[in-house]
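Q: I am a first-year student and would like to look closely at a single part of this protein model. Could you take me through it slowly and explain each term as it comes up?

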Amino acid sequence: MPDLVHMRAALSLAARGLGNVWPNPSVGCVIVRDGQVVGRGWTAPGGRPHAETEALKRAGFLARGATAYVTLEPCCHWGRTPPCTDALIAAGVSRVVVALRDPDPRVDGEGLSRLRNAGVVVEEGLLADEAASLNAGFIKRQATGLPLVTLKLASTMDGKIATASGESQWITGPAARRMAHALRGRHDAVLVGSGTVMADDPALDCRLAGFAGVPTVRVVADARARTPATARLFTADDPVWIATAPGADTAALAARGAEILTVETAEGPGLDAAALLRALGKRGITRVLAEGGGMLAASLLRAGLVDRIAWFHAPRVIGADGLPAIAALGLPGLAAAPMFHRVARVPVGDDWLTEAVLTED
């Protein structure tokens, strides 16, 4: 099954770009001639160059007569770079195997048609589900204007993130915190509420070797612009976006270099969660890691905006007087509770990580 082997390799290459290529999708490409890999490429930080052109550059003249395995339909429109379909045709590739069509209306099947019209054999659908999962953020933004949201939680076994006095550092161990940094590195933006900034003063950057591409955007949902201008957020080089309600006094935050996003408010206190995510989607964000706190988590869950959960559990118990990881949802009954299904549960040092995805209706 050489096709499967090479497409899996292309998907592995595509995964390297997660968190670094927005607003573009993260694509991988493997070029094979006579059973030998002659070129490999993946989307570069910032979205350019594309995977196909990188793989073709490495393959050189060996691309003629070869098969290209691509995780997403090659683009066929001019942007900051020429169409990848033209590059594949000019290089003399004889066969292209594509995992998934590109939902971008500028492409969406036209890239495949252009290749076929040029005499290239095109096959599509190989490992399509895996490709769709990898680029779920890009696909969701194309379909709805909203980014994919992963809710990251770190709590005790009984779901508490702090003691009654507010003490929270550190509930989980070093291995879990390193993995949390890796999650940041694979998302375009990290989202927290202003309460988390005021209580913990986090930097919210990714401090792991190997994640040195496009900086992660730090977003604070802060309806009243309470974020201190002295917050650690402003000591790192990564961008800071402050989402506030209309009329909030943001002069001090703007002076520190923050980009201000004015977002409509919800019926109760705080910002409208869907409006906030739409604002992020308009700016090209495809993948958001929502890190806290409990009020933000509850607002996203109430609005049905959480697509995935990454929950770290530490082997300790705080009790009912502790601060819950998720604030009150106000559910009318059990049937209204958001439902997720577990896709993985792995030990991380002394802690456990449970990953789950939203159950489709």
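How many bridges join strand β1 (residues 28-33) to strand β3 (residues 67-70), and in which sense do the two strands run, parallel or antiparallel?

A: Four bridges join β1 to β3, and these two strands run antiparallel. The model is a predicted one, in which local features need pLDDT of at least 70 and side-chain atom pairs count only at pLDDT 80 or more, while totals for chains, interfaces and linings use all residues. Residues are numbered from 1 along each chain as its sequence is written, and side-chain values use heavy atoms, with hydrogens and water left out.

Strands (E, at least two residues) and helices (H or I, at least four) are DSSP runs numbered from the N terminus, and two strands count as paired if DSSP finds at least two bridges between them. One place to find the pairing of β1 with β3 in the view is V30, whose bridge partner in β3 is Y69.

The two strands belong to an open sheet of five strands, which has mixed pairing and the order β2-β1-β3-β4-β5. At its edges are β2 (36-42) and β5 (121-124), each of which pairs on one side only. Neighbouring strands of this sheet are turned by 15° against each other on average, with direction ignored; for such angles, axes are lines fitted to C-alpha atoms, for helices over the stretch in contact, and the values run from 0 to 180 degrees between N-to-C directions.

Two helices pack on this sheet, and here contact means heavy atoms within 4.5 Å. Helix α1 (residues 2-15) touches β1, β2, β3, β4 (95-98) and β5, and its direction makes about 145° with that of β1. Helix α2 (residues 51-59) touches β1, β2 and β3, and its direction makes about 140° with that of β2.

We can now turn to charged side chains. Side chains of opposite charge can pair when their charged atoms come close. A salt bridge is counted when a side-chain nitrogen of Lys or Arg lies within 4 Å of a carboxyl oxygen of Asp or Glu, and the structure holds 13 of them.

One of these salt bridges joins E124 and R101, whose side chains meet at 3.1 Å, N to O. This pair links distant parts of the chain, for E124 is in strand β5 whereas R101 is in the loop between β4 and α4, 23 residues apart. To describe how open such residues are, buried means under 20% relative accessible area, exposed over 50% and partly exposed in between, using a 1.4 Å probe and protein chains only. E124 has 37% relative accessibility, so this residue counts as partly exposed, and R101, with a relative accessible area of 39%, is partly exposed as well. Elsewhere, D3, R95 and E123 are joined into one network by salt bridges that share partners.

Another salt bridge is formed by D34 with R33, the closest N and O atoms being 3.9 Å apart. D34 counts as exposed because its relative accessible area is 72%, whereas R33 is partly exposed because its relative accessibility is 27%.

A further salt bridge, between the side chains of R114 and D86, has an N to O distance of 3.6 Å. Here too the pair links distant parts of the chain, with R114 in helix α4 (residues 110-117) and D86 in helix α3 (residues 84-91), 28 residues apart. R114 is partly exposed at 29% relative accessibility, and D86 is partly exposed at 32%.
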